[in-house]
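Student: I would like a close look at one part of this model. Please take me through one helix packing, then through the charged pairs and the unusual backbone angles.

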Amino acid sequence: MATQAQSASLRFLTDTFKCFLPNPQAVALAIILIVSFVLIYSLSDLLMPVFVSIVLAYLLEGLVGKAESLNMPRMPAVYLVFSVFMACVIFLLFYLMPIVSQQAVELVQHIPEILNRAQSGIMSLPEMYPQFISESKIQQMMFAVQRELLTYGQNILSHSAASVVGLVSVMIYLFLVPMMVFFFLKDKQILISWFLQFMPKDRNLTVRVWEEVDIQIGNYVRGKFGEVFILWAVSYATYAAMGLNYAMLLAVLMGLQVIIPYIGATLVTFPVLGVAFFQWGLSSDQFMYVVIAYSIIQALDGVVLVPVLFSEAVNLHAIAIIVAILFFGGLWGFWGVFLAIPLATVVKAVLTAWPRIGDKNLDASY
């Protein structure tokens with residue numbers, strides 16, 4: 001009787017193991033995924049410039065491929081795409097970033113004035129709605145807000161004290177990342193051949209998963225960069241034409257909001273409408289024009305840009321997107337948030353392509 005129970009338990013464990021690892025290719029894929037995750041997680045602080053360079057080179061490889069499809073030799077295509085990339089980097093560093101930084105500093109300097117105006121408006125609420133809110137509650141709320149802003153200002157000063165270390169890190173990134181991106185593009189085949197010698201020869205399942213992931217991630221990330229650029233350009237042109245203060249800063253926020261689906265659009269609403277409110281007031285026509293323009297831009301993003309740019313991207317449930325943002329953002333910060341959906345597509349592609357027990361075509365497909 002005991003022997004039968006042990007045999008049943010052993011058979012159960014064996015079937016369970018086969019369900020997850022039904023053949024050697026699945027074992028190889030599992031090992032590759034585990035080792036890759038461990039290396040990236042444990043070495044992310046040390047090798048972050050390398051990981052950033054790989055991501056950028058992967059994005060630029062799509063442009064190089066398009067140039068090659070137009071009968072351009074690979075090396076001229078690499079030089080052309082890399083030159084455009086460096087021009088964009090120079091534009092960001094020497095034009096866009098100084099303007100955004102200056103407007104951010106100006107906005108911070110006007111925070112006391114904004115708070116005083118907000119306080120005068122809020123203090124009138126007890127007179128208008130005495131049954132809902134009292135003056136003592138308003139004072140407590142304003143005191144709490146001022147205390148939080150004081151703490152935030154102290155944190156900024158503490159961060160500024162370590163700005164020398166941050167400057168050194170930026171200089172390292174500015175030198176190493178472009179150089180590595182160029183060599184990743186230039187010596188792509190050499191690097192891939194070197195890397196493949198460490199991979200198992202029987203890797204059809206891994207190749208199949210990578211092909212699916214490559215299509216989905218490539219479409220998503222390149223489309224996301226296009227969406228960021230279009231929203232930034234349209235928002236800046238609109239806000240500048242309307243005379244809205246801090247137009248460049250708000251336009252950058254409008255572009256970056258798409259990095260965090262659902263959440264970003266909600267967060268960026270407050271600075272855009274807040275600046276318009278404190279510039280013109282709630283009852284002015286200009287404020288309503290900003291509200292209408294902001295609503296139209298958001299609607300065009302959801303109705304036009306997303307279907308056009310992400311028509312071939314993977315369709316993930318909203319819960320899966322939120323969980324991916326929380327999980328990968330907690331692991332790797334900004335880059336984790338930006339790559340949350342692509343990494344979620346990796347998980348989905350692995351689960352979709354993973355061979356299952358009872359698949360009659362399991363062996364024939366390899």
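**A crossing of two helices**

Tutor: Helix 3 and helix 10 run roughly perpendicular to each other. The model is a predicted one. The angle between the two helices is about 110 degrees, and their axes lie 8 Å apart. An angle from 65 to 115 degrees counts as roughly perpendicular, so helix 3 and helix 10 fall in that class. Helix 3 covers residues 74–109, and helix 10 covers residues 247–256.

Now the residues at the crossing. Helix 3 brings Y95, L96, I99, V100, Q103, A104 and L107. Helix 10 meets them with A247, M248, L249 and V252. By class, ten residues of this contact are nonpolar, one is polar and none is charged.

Helix 10 is mostly covered, with eight of its ten residues buried. The buried set is A247, M248, L249, L250, A251, V252, M254 and G255. A247, M248, L249 and V252 are thus listed twice: they meet helix 3, and they are buried.

Step back to the residue before A247. Y246 sits in the loop between helix 9 and helix 10. Its phi is near 55 degrees, a positive value in a residue other than glycine. Y246 has 14% relative accessibility and counts as buried, because the cut-off for buried is under 20%.

A second residue has a positive phi. N71, also not a glycine, has phi near 70 degrees. N71 lies in the loop between helix 2 and helix 3. Here the surroundings are open: N71 is exposed, with a relative accessible area of 73%.

That loop leads to the charged pairs. The count of salt bridges comes to five. One of them joins E61 to R74, with the closest N and O atoms 2.9 Å apart. This pair links distant parts of the chain: E61 is in helix 2 (residues 24–69), R74 is in helix 3, and 13 residues separate them. E61 counts as buried, at 15% relative accessibility.

E61 has another partner. The side chains of K188 and E61 meet in a salt bridge, at 3.1 Å from N to O. Again distant parts of the chain are linked: K188 belongs to helix 8 (residues 188–196), E61 belongs to helix 2, and they are 127 residues apart. K188 counts as partly exposed, at 25% relative accessibility.

These pairs belong to a wider set. E61, E68, R74 and K188 are linked in a network of salt bridges. R74 is a member of that network, and helix 3 begins at residue 74.

A more local pair lies in helix 9. E227 forms a salt bridge with K224, the closest N and O atoms being 3.4 Å apart. Both residues lie in helix 9 (residues 204–242), three residues apart, about one turn of the helix. An α-helix has 3.6 residues a turn, so residues three or four places apart point the same way. Both partners are covered. E227 is buried, with a relative accessible area of 2%. K224 is buried too, with a relative accessible area of 7%.

To sum up the part you asked about: helix 3 and helix 10 are roughly perpendicular, and their contact has ten nonpolar, one polar and no charged residues.

Terms used. Residues are numbered from 1 along each chain as its sequence is written. This is a predicted model: local features need pLDDT of at least 70, side-chain atom pairs count only at pLDDT 80 or more; totals for chains, interfaces and linings use all residues. Side-chain values use heavy atoms; hydrogens and water are left out. Axes are lines fitted to C-alpha atoms, for helices over the stretch in contact, and angles run from 0 to 180 degrees between N-to-C directions. Helices (H or I, at least four residues) and strands (E, at least two) are DSSP runs, numbered from the N terminus. Angles under 35 degrees count as roughly parallel, over 145 as roughly antiparallel, 65 to 115 as roughly perpendicular and the rest as oblique. Contact means heavy atoms within 4.5 Å. Ala, Val, Leu, Ile, Met, Phe, Trp, Tyr, Cys and Pro count as nonpolar, Asp, Glu, Lys and Arg as charged, and the others, Gly among them, as polar. Buried means under 20% relative accessible area, exposed over 50%, partly exposed in between (1.4 Å probe, protein chains only). A salt bridge is a side-chain nitrogen of Lys or Arg within 4 Å of a carboxyl oxygen of Asp or Glu.
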